[in-house]
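Welcome! Take a moment to look over the sequence and the 3D picture, and then let us walk through them together.

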Amino acid sequence: MLRQYELVEKVRSYDPDADEAMINRAYVFSMQKHGSQKRASGDPYYSHPIEVAGILTDLHLDDETIVTAILHDTIEDTVATPEEVEKHFGPNVARLVDGVTKLSKIEAQSESQRAAENLRKFLLAMSGDIRVLLVKLADRLHNMRTLHFIKSEEKRRRIARETMDIYAPLAERIGMYEFMTEMQTLAFRELEPDAYASIAKRLEQLHKGEGDLIERIARGLKAHLEANGVEAQVQGREKHPYSIWRKMAERHVSFEQLSDVMAFRAVVGSVEECYQTLGLIHRRWPVVPGRFKDFISTPKRNGYRSLHTTIIHDEQMRIEIQIRTAEMHAQAEHGLAAHWAYKEGVPEEATADHPWISDLVEILEHAASAEELLEHTRMAMYQDRIFAFTPKGELIQLPKGATPVDFAYAVHTDLGDQTVGAKINGRVMPLRTPLENGDQVEILVSKAQHPQPAWLTFVVTGKARAKIRRFVKSKEREETIALGRKIYEEIVQRLPQPLGWEAMAEALKRLHFPDDATLMEAIALKRVSDVAVMEALIPGSTGKDGVKPPPQRTAISIKGLTPGVAFKLAECCHPIPGDRIVGLRREDEEIEVHAIGCDSLAAGIDADWVDLAWGDESDGGTARLCVVVRNEPGALAAVAGVLGNYGANIVSMEQASRDGSFHTFRFDVEVHDVQHLMRIIAALRATEAVSSAERL
Ligand code: MN
């Protein structure tokens, strides 16, 4: 156990100006308050906060942080009050201790009780001063080191799981890889004892079989660099069991196949020497393709810089090599804390250096519901991330699987809304293309564009999803009302006499609709029949002679074509009456009629373009629909039922994809015209089993 004077000595060794008296006061305060409390190990409880403080001295943290560590459990676990802490140690320490206490309270709650509201508060508190998080991480690390003393297996597993899911990723996010590695190793040993044991055993065998292989390779690397004029410190290590296990799981390989279990690090004097070292190594040994990464020219979001490469060494082993300067090394090991050492409390700077914190705060401020918050938070903290560039070189961080649409929304909401296409690394690519690390993405925009429902099938970020959903919802209602209005006009035409000027107001009363928009919506969704509308407008009208039947149209005619000229409706876009159309005329071929906006028009750039319009008599066409339905019994029957009700003949149907709880179908259906189609789409969207319906 760390002694009081040892702790003070440690702090003074890197900060001669530290407030020694305050540290001593904190030591006594903590010891008195915790009194005779014991740890599961049987040690007096106050040994724990002292050890936590000790861990933080390794990171050269300031006296306030050290004092906070010593006091971190006093509010939660003893009779001490925040007022007392403030009185003895000042407002800064009081605020820090309060932050850590809030974090601990969340931890103590059951999973379902860990309300977003609390999470929001503590993350906000934390984002104000990153030292709170550093103390919490050190606290968790010490608890993991002493985890084996806890008797209850269930409790041990819960703590280990939480460490794996929350604290190790947090440590990684702020670049504290040493903390992360140790937490993962300890948690892995608890969660997967068999896997841990077998990997540890295999690593041991590897040592026995090959002696000091790591030592030998490290010496060889160093000698090779020195022979070429580069002074380097070379260290080798085995990867830790958890990272080996994860690799085995990810790549579905066995331990034998997993050759790169060793990693080496060369620390050199300057950035120039980093690249020089890389060149020397690449010329001497074969390089494993696809493994080279330059985090010096493109640092990770958490500030990590290094060159990474993997080579096949003389021993026929794949080995990973990291090349960095001493400064980069310090930062890599201690992350944010390396910046922090010797500095006064500068929370703004911490936030500026680490945009993920401000990202989190932004999400916290704006998240509407607890669920949404958790979704975002999980996303922000735990998902694997990729980094893509804007054309101006701005780095955009996205979750893995993110598409250009996600990228556009991450840059700016307006950019997302107006996206029509994307160039990835200079080439036009589909909007659903998953981005890769380092991609440069240029978003092509049009002021006339708005969010497309189809984007929902591939975007992965919460922000994009929310923006698109909101737009689609309001747009759908608008479209439905507009469609209802058109149908209403048709209905009015069928009445035997013109409407009086109060007819609409009367009709709304009779049908109990609050306003005409709601009535139009009901008409479009067929919630009210044509006959009911007519009766409401002019009571008794449908019984009389003179009611006209619904309009019937039959033939296709196209204005702009010489009669008798052969044409065909293009298969790619399935234009139907009401669509704006254009004809492509190629030599000796019939004219292809395309919808304007059809993608394949671009390929017809050298054909003659003929300006066309639908004739008044036109009827019918095949429209292609993309319908996403829930994976539940009867869903497809419901869709077929809607199509039947609206007199839309299904020409063909095909399952396009199946994704867990949703299935996507493509239907080709015969429809009269765009209005008919709109009516069908509105009805499909109103069907419970349908998640989305759109024309392709
Ligand atoms: Mn603690």
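The report below goes through the chain as a whole, then a metal site, the nonpolar cores and two sheets.

## The chain as a whole

Keep in mind from the start that this is a predicted model. The protein chain has 696 residues, and 46% of them count as buried. Its secondary structure comes to 27 helices and 20 strands.

How do contacts spread along the sequence? Among contacts between residues at least 6 apart in sequence, 66% join residues at least 24 apart. One pair shows how residues separated along the chain can be placed in space: A197 and P241 are 44 residues apart in sequence, and 9.2 Å separates their C-alpha atoms. You will find A197 in helix α11, which covers residues 193-210. Its relative accessibility is 42%, so A197 counts as partly exposed.

## The manganese site

Which residues hold the manganese ion? Its protein donors are H48 and H72, each through NE2, together with D73 and D139, each through OD. These donors lie 2.2 to 2.3 Å from the ion. If you trace them along the chain, you can read off the spacing H-x23-H-D-x65-D.

Are the donors H72 and D73 buried or exposed? The cut-off for buried is under 20% relative accessible area. H72 has a relative accessibility of 0%, so H72 counts as buried. D73 comes out at 6%, and therefore D73 counts as buried.

## Two nonpolar cores

Here is a general idea to carry with you: in soluble globular proteins, nonpolar side chains tend to be buried together. In this model, the largest nonpolar core has 52 residues, and the members that touch the most others are L56, L71, F89, L137 and F179. Several helices give two or more residues to this core: α1 (4-14), α2 (20-34), α3 (47-58), α4 (63-71), α6 (82-108), α8 (130-145), α9 (153-173) and α10 (177-191). The largest share comes from α6, with 8 residues. Domain 1 (4-176) and domain 2 (196-334) both contribute residues, so this core lies between them.

What does L56 touch? Leaving aside its neighbours within four places in sequence, L56 is in contact with Y14, L61, T65, I66, A69, L134, V135 and A138. There is also a second, separate core, made of 43 residues, and among them are M144, A232, V234 and I296.

## A mixed sheet of five strands

Now look for an open sheet of 5 strands, arranged in the order β1-β2-β5-β4-β3 with mixed pairing. Which strands stand at its edges? They are β1 (233-238) and β3 (293-294); each has a single partner strand, so one side of each is left without a neighbour in the sheet. For β3 that partner is β4 (residues 307-312), joined to β3 by 2 bridges in an antiparallel arrangement. Within this pair, D294 stands opposite L307 of β4.

Helices accompany the sheet. Helix α14 (residues 271-284) packs on the sheet and touches β2, β3, β4 and β5, and its direction makes about 160 degrees with that of β5. Helix α12 (residues 213-227) lies across β1, β2 (262-268) and β5 (318-325), running at about 35 degrees to β2.

## An antiparallel sheet of three strands

Further along the chain, an open sheet of 3 strands has the order β9-β8-β10, and its pairing is antiparallel. Here β9 and β10 stand at the edges with a single partner strand each, so one side of each has no neighbour in the sheet. From one strand to the next, the twist averages 35 degrees.

How many bridges join β8 to each partner? Strand β8 (residues 419-424) is joined to β10 (residues 441-445) by 5 bridges, while β8 and β9 (residues 427-429) pair over 3 bridges. On the β10 side, G421 has L444 as its bridge partner, and K423 stands opposite E442. On the β9 side, A422 stands opposite M429. The hairpin of β8 and β9 has 2 residues between the strands, and in this hairpin N425 takes a positive phi near 50 degrees. Finally, helix α20 (residues 404-411) lies across β8 and β10, running at about 85 degrees to β10.

Methods
Residues numbered from 1 in each chain as written. Predicted model: local features only at pLDDT ≥ 70, side-chain atom pairs only at ≥ 80, totals over all residues. Heavy atoms only, no water. Pairing = 2+ DSSP bridges. Helix = DSSP H or I, 4+ residues; strand = E, 2+ residues; numbered from the N terminus. Contact = heavy atoms within 4.5 Å. Axes fitted to C-alpha atoms, helices over the stretch in contact; angles between N-to-C directions. Core = buried A, V, L, I, M, F, W, Y, C linked by side-chain atoms within 4.5 Å. Buried < 20%, exposed > 50% of the residue type's maximum accessible area, 1.4 Å probe, protein only. Domains from an automatic or database assignment. Donors = N, O, S within 2.8 Å, 3.2 Å for Na, K, Ca; no water.
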